[in-house]
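Reader: Please show me the model, and then we can go through it by question and answer.

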Amino acid sequence: MNTTDAVSAGFTVGVWPGTAPRLLTPRTGVEDYAQYRAGGGYAALDDAAALLDEVRAAGIRGRGGAAFPLAVKLRTVRAAAVAGRDTVLVANGEEGEPASVKDRWLLRHRPHLVLDGARLAALVVGAKHAHVYVSDPAAAQAIDTALREVQDAADHPLGGLTVSLRVVAPGYVAGEETAAVHAINGGPAKPTDKPPRPFEAGVGGLPTIVSNVETLANLPFVQRHGAGSYREAGTEASPGTFLATITGGGRPAGLYELPHGVRLSEVLVLHGIAPESVRGALMGGYFAGLLGADVVDANLDHETLRGLGSGLGCGAVSILTDECPVAVAAAVLAYFDRENAGQCGSCFNGTAAMAAAAGALRDGVATEDDVARLRRWSVVLRGRGACGTLDAATNIAASLLEQFPDTVEQHLGDGCTVCDAGVFTAQRPYQVEVAEAPQ
């Protein structure tokens, strides 16, 4: 049985050679208030409008998966504050993607960087209250300790901003922005109908910005160094650095701070995976689908991967070497079938149907009609769910059929030699499970 479920021993944290770290730190353990303050953290902000201009010039894009421009979110909610409305900020650290560890690492190791980013965003949008939204117990403990340190500080770095910690049970849909708002408002951590969007009516019915914790963690750098320095790393359209979780390839997981635009093959060499051994990759966590062996030549930026019909998403890249792509797709679709919120008939029934078809294909009992139905569902079900789960499932199904047609044919015919050697049946493929905070 070939299962790549959880990796803990030998977890690697590293920064791209020649790149000064902005988000990671060589320091082991948790960065406390005194250490963060000594490095220039919690600097006074004299002009919130000027910081918004710098964020716009820097081109910061969301790190939660959608890569939405942060300045647009900030500007929209700030407009509500200018019009006299109270506003709210949510720092979203509910890392629903099993193959990603970046948010947990930041929350566990650099909680003050996250809080400082939340402070700056709150000042820009005029929010007097913020919520840090998490599901990881170790992350919650680190944030709680950091909040106590800030509250005890003589200089009161958060000013008039109050910050609450909201802890929920983990789940793939729990990190969706309306699910976060719903949970903070007292409901279950499940998505709600849109409209309204959170920027229209979010926490307590107020205009709310929901932003990923890694996204917010970029703000202190921009405040201190400006947009020009931020753009010294990355590409024109995908500026700055990002956190990439690398799993698979027979190696323990790794978390790397990379400049946008680096070639995946070079990252794999850094991580200890031979590029020529790669059969394909699962991109952006489970959301962006599968790519074939040519992915090793791709640059890790939003434009390049979008051009390949995929996406960078949350920065998680899972490498297939000894695993069969059909079996990996079946495992991910089975995960979506278990993890969907059960609120939309199209998603509840659609993920179940696609998971069943992919499972039959993996097990060598599917027919041509089953594959034709899977292909049709991957098209007609797209965009019909309240959140991204159904779209993620259609991405997996469509990319499997497009990227690995020969492997699909093998499963319809005489069988797959890779699966003959051991079928991949992970419950949570490439899940990063670190028992203790990674060092």
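Reader: Where is the place of Leu-390?

Author: This is a predicted model, in which local features need pLDDT of at least 70, side-chain atom pairs count only at pLDDT 80 or more, and totals for chains, interfaces and linings use all residues. Residues are numbered from 1 along each chain as its sequence is written, and side-chain values use heavy atoms, with hydrogens and water left out. Helices (H or I, at least four residues) and strands (E, at least two) are DSSP runs, numbered from the N terminus. Residues 389-403 form one such helix, and Leu-390 belongs to helix H15.

Reader: Does Leu-390 count as buried or exposed?

Author: Buried means under 20% relative accessible area, exposed over 50%, and partly exposed in between (1.4 Å probe, protein chains only). Leu-390 has 1% relative accessibility, so Leu-390 counts as buried.

Reader: Which residues is Leu-390 in contact with, leaving aside its neighbours within four places in sequence?

Author: Contact means heavy atoms within 4.5 Å. With those neighbours left aside, the contacts of Leu-390 are Ser-346, Cys-347, Thr-351, Met-354, Leu-381, Arg-384 and Gly-385.

Reader: What is the order of the strands in the open sheet of 4 strands?

Author: Two strands pair if DSSP finds at least two bridges between them. The pairing in this open sheet is parallel. Strands S5 (162-167) and S6 (208-212) are the edge strands, each pairing on one side only. The order is S5-S4-S3-S6.

Reader: What is the bridge partner of Ala-91 in S6?

Author: Strand S3 (residues 88-92) and S6 run parallel and are joined by 5 bridges. For Ala-91, the bridge partner in S6 is Ser-211.
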